[in-house]
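Visitor: I have a structure here and some questions about it. Mind going through them with me?
Guide: Go ahead, put it up.

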Amino acid sequence: MATLVAGEPEPSLRDLAARLGVSAMASYRHFPNKAALMEAVSERGFAMLEAQLKAADAAKAGAPALVAQGLAYFAFAITHRRLFDLMFREGTRAGEESPARQRAFGVLYDRVVALAPEDAEAVALACWALVHGLAVLQSAPGGPEQAARVRDVLTLFVNRIARV
């Protein structure tokens, strides 16, 4: 049985229906199978992440806005750990074809273009990889306790790319 979080079995569609208080067959009126349901949940997660990134970005300007986005991403990953894991799970269109993921990445990319237009694609990928890696390490069993240092790490990185 696949897992969403290490050591925790992934619920079946029947389990999910029971948790929602509907019949097992009711879910099939909305989703053809569990994969389609998980895909919809993943897309919703990326829409939630996009909203949080936009709010963080709007609250600041320049390099501090990119740091704020990173902190929002990290907080989202820690606060919504199981959803975050699902969003990047194999089989949930976590790849390029996910429209919601592309919109969330677009918030980051637009800010990076303003700070480092000559290397925007590479810098945006590096930013995403850094904050995603920090979030994964933080939530991993036995991972380092780094939450207090995330702002420092992000500020150091962003200041280097923005040449502050």
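Visitor: Which residues form the aromatic cluster?
Guide: This is a predicted model. In it, one aromatic cluster is formed by Phe46, Tyr73, Phe84, Phe88, Phe105, Tyr109 and Trp128.

Visitor: And how many aromatic pairs does a search of the whole structure find?
Guide: Six aromatic pairs turn up in the whole structure.

Visitor: Let me step back. What helices and strands are there in the chain?
Guide: The protein chain has seven helices and two strands. Read from the N terminus, the order is β-β-α-α-α-α-α-α-α.

Visitor: How much of the chain is buried?
Guide: Of the 164 residues in the protein chain, 41% are buried.

Visitor: What about the largest nonpolar core, which residues have the most contacts inside it?
Guide: Leu49, Leu53, Leu66, Tyr73, Leu108, Val112 and Cys127 have the most contacts in that core, which has 36 residues. Two or more residues each come from α2 (34-58), α3, α4, α5, α6 and α7.

Visitor: Which element gives the largest share of this core?
Guide: Helix α3 does, with nine residues. Tyr73 is on the list of residues with the most contacts in the core, and Tyr73 is also part of the aromatic cluster.

Visitor: Now cavities. How many of 30 Å³ or more does a search of the whole structure find?
Guide: One. Its volume is about 140 Å³.

Visitor: What lines the largest cavity?
Guide: There are 14 lining residues, and Gln69, Gly70, Leu108, Cys127 and Val131 lie nearest the centre of the cavity. The elements giving two or more residues to the lining are α3 (62-79), α6 (120-139) and α7 (150-162). Helix α3 has the largest share here, five residues. Leu108 and Cys127 also appear among the core residues with the most contacts.

Visitor: How does that lining divide into nonpolar, polar and charged?
Guide: Twelve of the lining residues are nonpolar, two are polar and none is charged.

Visitor: Different topic, Ser98. Where is its place?
Guide: Ser98 sits in the loop between α4 (81-87) and α5 (99-115).

Visitor: Buried or exposed, and why?
Guide: Ser98 counts as buried because its relative accessibility is 1%, and the cut-off for buried is under 20%.

Visitor: Which side chain does Ser98 have a polar contact with?
Guide: The side chain of Glu43, at 2.5 Å.

Visitor: There is a loop between α3 and α4 too. Which residue has its place there?
Guide: His80 is in that loop. His80 is partly exposed, since its relative accessible area is 25%. From C-alpha to C-alpha, His80 is 8.9 Å from Gly45, with their positions 35 residues apart in sequence.

Visitor: Ala65 next. Which helix is it in?
Guide: Ala65 is in helix α3. With a relative accessibility of 0%, Ala65 counts as buried.

Visitor: How far apart are the C-alpha atoms of Ala65 and Arg111?
Guide: They are separated by 7.6 Å, while the two residues are 46 residues apart along the chain.

Visitor: Last one, Leu37. Where does it lie?
Guide: Leu37 is part of helix α2. Its relative accessible area is 15%, so Leu37 is buried. The C-alpha atom of Leu37 is 8.4 Å from that of Leu13, and these two are 24 residues apart along the chain.

Technical notes
Residues are numbered from 1 along each chain as its sequence is written. This is a predicted model: local features need pLDDT of at least 70, side-chain atom pairs count only at pLDDT 80 or more; totals for chains, interfaces and linings use all residues. Side-chain values use heavy atoms; hydrogens and water are left out. Helices (H or I, at least four residues) and strands (E, at least two) are DSSP runs, numbered from the N terminus. Buried means under 20% relative accessible area, exposed over 50%, partly exposed in between (1.4 Å probe, protein chains only). A polar contact is a pair of N or O atoms within 3.5 Å; within protein, one must be able to donate a hydrogen and the other to accept it, and residues adjacent in sequence count only if both atoms are side-chain atoms. On a 1 Å grid over the protein atoms alone, a cavity is a set of points where a 1.4 Å probe fits but cannot get out, and a pocket is an open set with protein on both sides within 12 Å along at least five of seven lines; lining residues have an atom within 4 Å of a point. Grid points are joined across faces, edges and corners, and a volume is the space filled by probe spheres set on the points. Ala, Val, Leu, Ile, Met, Phe, Trp, Tyr, Cys and Pro count as nonpolar, Asp, Glu, Lys and Arg as charged, and the others, Gly among them, as polar. Rings of Phe, Tyr and Trp (its six-membered ring) pair if their centres lie within 6.5 Å; planes under 30 degrees apart count as stacked, over 60 as edge-to-face and the rest as tilted. A nonpolar core is a set of buried Ala, Val, Leu, Ile, Met, Phe, Trp, Tyr and Cys residues joined through side-chain atoms within 4.5 Å.
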